[in-house]
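Subject: Structure for your review

Dear colleague,

Please find below the structure that I am handing over to you, together with its sequence. I would be grateful if you could read the notes that accompany it.

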Amino acid sequence: MQTSPGQRLFDRWSHGARTLPRDARDTLFLLGVSLLLMLPLFIHLPGWTSALVLGLLAWRAALAWRGAPLPGRSVLVLILLFSIVITLWEFHTVLGRDAGVALLCVLLGLKTLEMRSRRDAHVLFFLGFFTIAANFLFSQSLGTALVMVLATWGMLAALVNANLPAGRPPLRQSLLTALRMMVLGAPAMVVLFMVFPRISAPLWALPQSSDKAITGLSASMSPGQIAELARDDSVAFRVVFHGPRPPDRELYWRGPVLGVFAGGVWRPDPRQRDHASLTPPADLQLTGPRVRYTVTLQPTQQTFVFALDAPVAAPKIEGYMVQWLPDLQLVTGRPLDHLSRYTVESAPQFRYGPTQLTPALRADEALPAGFDPRSVALGRQLAAQARAAGQGGAFVAQALLQRFRTQPFRYTLNPGTYGLRDGVDQFLFDRRAGFCEHYAQAFVVVMRAAGIPARIVTGYQGGRFNPVDDTWVVRQSDAHAWAEYWLPERGWVRADPTAAVDPARIDRSGATLAAREPLLGMAALGTRDTAWLLQLRNQWDALNNTWNQWVLNYGSNRQQDLLRKLGLQQPDLATLAALAIAALLVATTLGGAFLALERRRRDPWTQTYALLRGKLEQAGIDSEASTPPRTLAERLEHVSAQSDTLSPAAQQTAVSLLLQLEHWRYAPVPNTAQRKTQWSAIRKAVRRWRA
């Protein structure tokens with residue numbers, strides 16, 4: 001049968017891989033492991049870093065495959081200097097998380113090109129393990145952890161392989177040894193993780209970086225920003241309700257409140273921070289049943305805390321102090337840089353805000369001069385109609401919402417770019433296409449033009465239930481913007497223009513959920529495939545939630561709870577330190593005992609060679625354990641004439657067995673099954689010869 005060109009190419013490549021020298025094979029394996037441990041970093045680092053590192057690894061792989069010499073040090077120094085200059089140009093420093101990790105990856109790639117000795121290999125192993133730890137500076141997700149476990153296994157196997165004797169030991173042997181080491185060390189790691197003293201917050205925290213922010217809502221908003229975020233399906237936070245869950249239309253997770261509009265960007269009013277308090281605003285009135293729930297919030301590097309409108313009390317977050325702002329925001333004094341878990345109680349039906357117009361409310365009527373003249377004229381027109389009808393701000397709000405319902409407005413993720421000075425005019429009168437932030441902005445601008453205080457609130461709306469672990473999952477794609485306007489005697493009133501245009505966005509019943517599946521990228525799949533993918537995602541989300549709760553969120557409170565269940569009531573730092581030291585001593589003792597047993601277990605080849613040497617010593621042919629088989633065979637041939645103990649046939653058989661042992665140990669055998677067959681035959685022949 002004639003083979004295809006692709007098959008012939010693959011056969012040629014696989015034959016070349018089997019016949020590679022050991023150094024080339026081990027180098028290619030180490031390069032593969034190095035690529036694996038750096039892959040998750042490539043999505044966080046600049047493109048030039050990823051391209052340069054991939055080029056260095058490919059260069060080293062080509063040299064190993066062809067057996068070509070390594071480049072000179074001058075070339076590597078030039079590449080290093082180039083990398084430092086580009087790093088300084090990109091980050092303005094060589095310190096910090098992003099710049100430091102970028103240089104670390106470049107150094108790892110360069111080190112593979114000067115790996116000439118065992119010392120160089122050990123430096124490369126050190127850089128590899130350090131890079132594995134650096135991955136957790138960017139992400140502590142379960143997926144990252146699993147990839148790093150695999151990378152650690154590969155790096156340990158490469159380290160074991162580098163310390164094996166000469167010859168061509170199979171990589172499978174190194175992988176199994178490394179796996180055994182990891183399995184033996186896992187119990188000690190788990191115990192130390194459980195009892196290592198936690199002073200306050202969990203050990204895992206993302207360092208702040210001024211260059212790049214974590215995906216999620218920011219403290220400001222410009223049109224199109226939330227539409228971009230709606231394409232992100234990553235988890236923002238998870239919720240466990242301790243009782244009945246409110247209907248979807250009431251699930252408004254409050255975030256930043258934006259009252260200052262300048263330069264086309266909405267920002268929070270800085271004066272709100274001047275009135276931060278540990279108690280709720282005095283004008284907050286709860287008019288409905290309360291809902292209690294626990295939130296597990298992903299790191300945001302922001303200072304706002306999400307809760308259902310309206311929280312009853314500020315939650316307690318380990319390591320942070322949560323305060324109220326007069327606009328019902330919950331904020332912390334420093335960014336949330338690690339996974340946070342807190343319990344809140346909220347009342348979805350509430351009233352808040354002053355009942356009479358105050359000077360502070362006047363700031364929520366301000367608009368930049370000369371912006372959006374047609375929208376300003378519409379606001380004034382609606383205000384005049386309200387006065388003529390003897391009505392107030394509620395009339396203007398309803399008229400504006402009716403405009404959204406009856407005119408051909410479209411709710412879309414791709415509305416295009418709007419102008420800076422007349423973006424609201426283009427949206428309201430010309431294109432009529434936008435996402436939630438466009439509708440909220442237009443509503444607030446027209447209300448302010450009508451002389452009614454109004455502002456934008458950003459956060460999340462809705463979420464989805466995960467039946468696997470009974471959690472409510474809120475994703476970045478649930479990011480939302482709505483409006484609030486002020487009425488005398490009522491205070492602040494929520495208005496969501498999106499609900500007037502696309503009710504399915506707010507009330508996700510079974511039918512409306514199916515209509516929104518294209519946002520999840522599943523429109524081209526059948527119903528069965530879609531259900532299978534949703535179930536798979538729910539399983540993965542539940543697994544991630546378990547990881548978050550028991551690893552990333554394992555702080556001092558959870559540690560105290562666990563130790564109390566184990567019989568330790570309120571252990572102090574000294575007790576925890578003693579437990580950690582005891583666990584380390586036990587692990588060291590068990591590891592030493594295992595190593596002692598391993599030393600007593602001899603290599604089968606060494607045992608067989610020792611049997612052969614012992615028999616020859618009885619015949620007067622002395623040797624050491626370090627004597628190579630070929631040297632012993634030559635010695636046996638030299639003294640064969642003087643030996644009276646061994647017959648010539650026995651001497652020739654011994655020489656043949658010694659040479660077979662040497663060949664099996666050091667000569668490459670491409671077929672594993674053939675290697676096993678040869679070994680079985682050699683052992684049987686040695687036993688027959690001794691008998």
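The notes below begin with the whole chain and then turn to a helix pair and two individual residues.

Please bear in mind throughout that this is a predicted model.

The whole chain

The chain comprises 691 residues, of which 47% count as buried. Its secondary structure consists of 23 helices and 19 strands. Among contacts between residues at least 6 apart in sequence, 73% join residues that are at least 24 apart.

Helices α2 and α5

Helix α2 spans residues 22-42 and helix α5 spans residues 97-112; their axes lie 11 Å apart, and the two helices pack at an angle of about 165°. Angles over 145 degrees count as roughly antiparallel, and α2 and α5 are therefore described in that way. The crossing of the two helices is left-handed. On the α2 side, the residues in contact are L31, S34, L37, M38 and L41, and they meet V101, C105, L108 and T112 of α5. Sorted by class, this contact has 7 nonpolar and 2 polar residues, with no charged residues.

Residue S141

S141 is located in the loop that runs between α6 (118-135) and α7 (142-162). Is this residue buried, partly exposed or exposed? The relative accessibility of S141 is 29%, and buried requires a value under 20% while exposed requires one over 50%; S141 therefore counts as partly exposed.

The side chain of S141 takes part in two polar contacts that I wish to record. One is with the side chain of S139, at 3.2 Å. Another, at 3.1 Å, joins the side chain of S141 to that of T144. With regard to a residue remote in sequence, N545 is 404 residues away from S141 along the chain, yet the C-alpha atoms of S141 and N545 are separated by 9.8 Å.

Residue T608

T608 belongs to helix α20, which covers residues 604-618. Its relative accessible area is 4%, and a value under 20% counts as buried, so T608 is a buried residue. Which residues does T608 touch, if those up to four places away in sequence are not counted? They are L661, W679, R683 and V686.

I trust that these notes will be of use when you examine the model.

Yours sincerely,
A colleague

Conventions: Residues numbered from 1 in each chain as written. Predicted model: local features only at pLDDT ≥ 70, side-chain atom pairs only at ≥ 80, totals over all residues. Heavy atoms only, no water. Helix = DSSP H or I, 4+ residues; strand = E, 2+ residues; numbered from the N terminus. Buried < 20%, exposed > 50% of the residue type's maximum accessible area, 1.4 Å probe, protein only. Polar contact = N/O pair within 3.5 Å; in protein donor to acceptor, adjacent residues only side chain to side chain. Axes fitted to C-alpha atoms, helices over the stretch in contact; angles between N-to-C directions. Parallel < 35°, antiparallel > 145°, perpendicular 65-115°, else oblique. Left-handed = near helix turned anticlockwise from the far one by under 90°. Contact = heavy atoms within 4.5 Å. Nonpolar A, V, L, I, M, F, W, Y, C, P; charged D, E, K, R; others polar.
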